[in-house]
Each structure stands twice: as structure tokens, then as C-alpha cells.
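User: I'd like to go through the charged pairs in this one and see what backs up each label. Can you take me through the reasoning?

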Amino acid sequence: PDFMACVDRSFCCDRVVRGEYLFPNALLAQGWKHCWDLVLRRGLSSVHFFPRWLRQFKHLVGLLRHTPCVVALVAHYRKIGKGALASMLDQRTVPNFAKGRWRTLEECLVAILPFLDSLMQHMDYSVLPKMRDDTRLKDVRAAFNSKTWRAETDFIYWVVVWIEEIASWVG
């Protein structure tokens, strides 16, 4: 109604409640979030290290969503006196990184970043249960042993937050 009133003054009438359907900062733009998802995907994909980083990050998310692995890590960290890390891992809620929904990248990062440094420093792969496919574990190990992976994570988080703030401007 407000938009129509801006376009055509004759549209205004007493029964129209002004401001009822407007976003606080802008008019509704169809597909706005999809456009910013595309900007995020293409922008990050243009960074040379991103495909490797994303594969490793997805495997880390998968590892932290795999209950037997987390139970083993929590028990190990409690046993060696790393109670804070054990509690953070035990209380974690890591969302699934949904294919095609790039906005879930921020949710995954926000869930993992509070304990990522401690996990990287104290990761013990020997306590993890055996897996049929050890690709996930190899990628997590490569990421944690990399000198640049943590800095790449910070950069990606910065970009994701920046793009998400723009995308949330409309609502």
C-alpha cells in the first residue's frame, strides 16, 4: 500500500494503514536474499584457497555433528583436564551446512569459532572411532596442521558477516 501510494497518489485511501507492510530500511525486493547468496558464493569462490578451505570446513562440521566422535573427544578432554573444551564441545549445536544455502555458512562459523582455537591446539585423533571413509579426518587434520587455515577462516568469517549484514538490511 505505501509503495502504491508513492507511485500513484490516487491510490491513497482511509482504509490503508501506512507503514504496515514496509521493511524498516527499504522496500521489499523479490529475490534479495538469493542475490546476496549469489554474491557470497561467487565472491568467496573467486578466492584461490576457498574450494580447499570449504571442503575442509565441511568435513570439520561433519565431524562435529557426528555424535560418536564428539562423545569420544569430550571423554578424552575431561580425562586430561581440559574441562572447558569438553563442556563447549558437549554443548555445541553445529548446524548442517546446507548445499545451495550459503547463509548457513555464517551459522556454522558462529557455532564453531568459540572453541576452534582450543580444538585445533588439543585435537587428539587417536581417540576418535574408526570410520569407513577417513577422508573427513584427513581433511580436518590437514586444516588443523596448516599454517594459514585459521587466518583463512577469519577472513571468510569477515566476508560472510559483511555480506549477511547487507542482506539483512531488507529483512
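User: How many salt bridges does a search of the whole structure find?

Analyst: The search turns up 6 salt bridges. Keep in mind that this is a predicted model.

User: What makes Glu152 and Arg52 a salt bridge?

Analyst: The closest N and O atoms of Glu152 and Arg52 are 2.8 Å apart. The cut-off is 4 Å between a side-chain nitrogen of Lys or Arg and a carboxyl oxygen of Asp or Glu, so the pair of Glu152 and Arg52 qualifies.

User: Why say that this pair ties together parts that are 100 residues apart in sequence?

Analyst: Because Glu152 sits in helix H8, while Arg52 belongs to helix H3 (residues 50-65).

User: How do you know whether Glu152 is buried or exposed?

Analyst: Its relative accessible area is 9%. Buried means under 20%, so Glu152 is buried. Its partner Arg52 comes in at 28%, which falls between 20% and 50%, so Arg52 is called partly exposed.

User: What about Arg78 and Asp90: why is that pair called a salt bridge?

Analyst: Their closest N and O atoms are 3.6 Å apart, and the limit is 4 Å, so the label holds for Arg78 and Asp90. Arg78 is in helix H4 (residues 67-79) and Asp90 in helix H5 (residues 83-90), so this pair ties together parts 12 residues apart in sequence. Arg78, at 46% relative accessibility, counts as partly exposed, and so does Asp90, at 44%.

User: Which residues are linked in a network of salt bridges?

Analyst: Asp117, Arg150 and Asp154. For Arg150 and Asp154, the closest N and O atoms are 2.5 Å apart. Those two both lie in helix H8, 4 residues apart, or about one turn of the helix.

User: What makes the link between the side chains of Arg150 and Asp117 a polar contact?

Analyst: The distance given for it is 2.6 Å. A polar contact needs a suitable pair of N or O atoms within 3.5 Å, so Arg150 and Asp117 meet the distance limit. Leaving aside neighbours within four places in sequence, Arg150 is also in contact with Leu113, Leu116 and Met120.

User: Why is Arg150 called buried?

Analyst: Arg150 has 18% relative accessibility. With the cut-off for buried at under 20%, Arg150 makes the list. Asp154, at 40%, counts as partly exposed.

User: In general, why can such side chains pair?

Analyst: Because side chains of opposite charge can do so when their charged atoms come close.

Note on methods
Residues numbered from 1 in each chain as written. Predicted model: local features only at pLDDT ≥ 70, side-chain atom pairs only at ≥ 80, totals over all residues. Heavy atoms only, no water. Buried < 20%, exposed > 50% of the residue type's maximum accessible area, 1.4 Å probe, protein only. Polar contact = N/O pair within 3.5 Å; in protein donor to acceptor, adjacent residues only side chain to side chain. Contact = heavy atoms within 4.5 Å.
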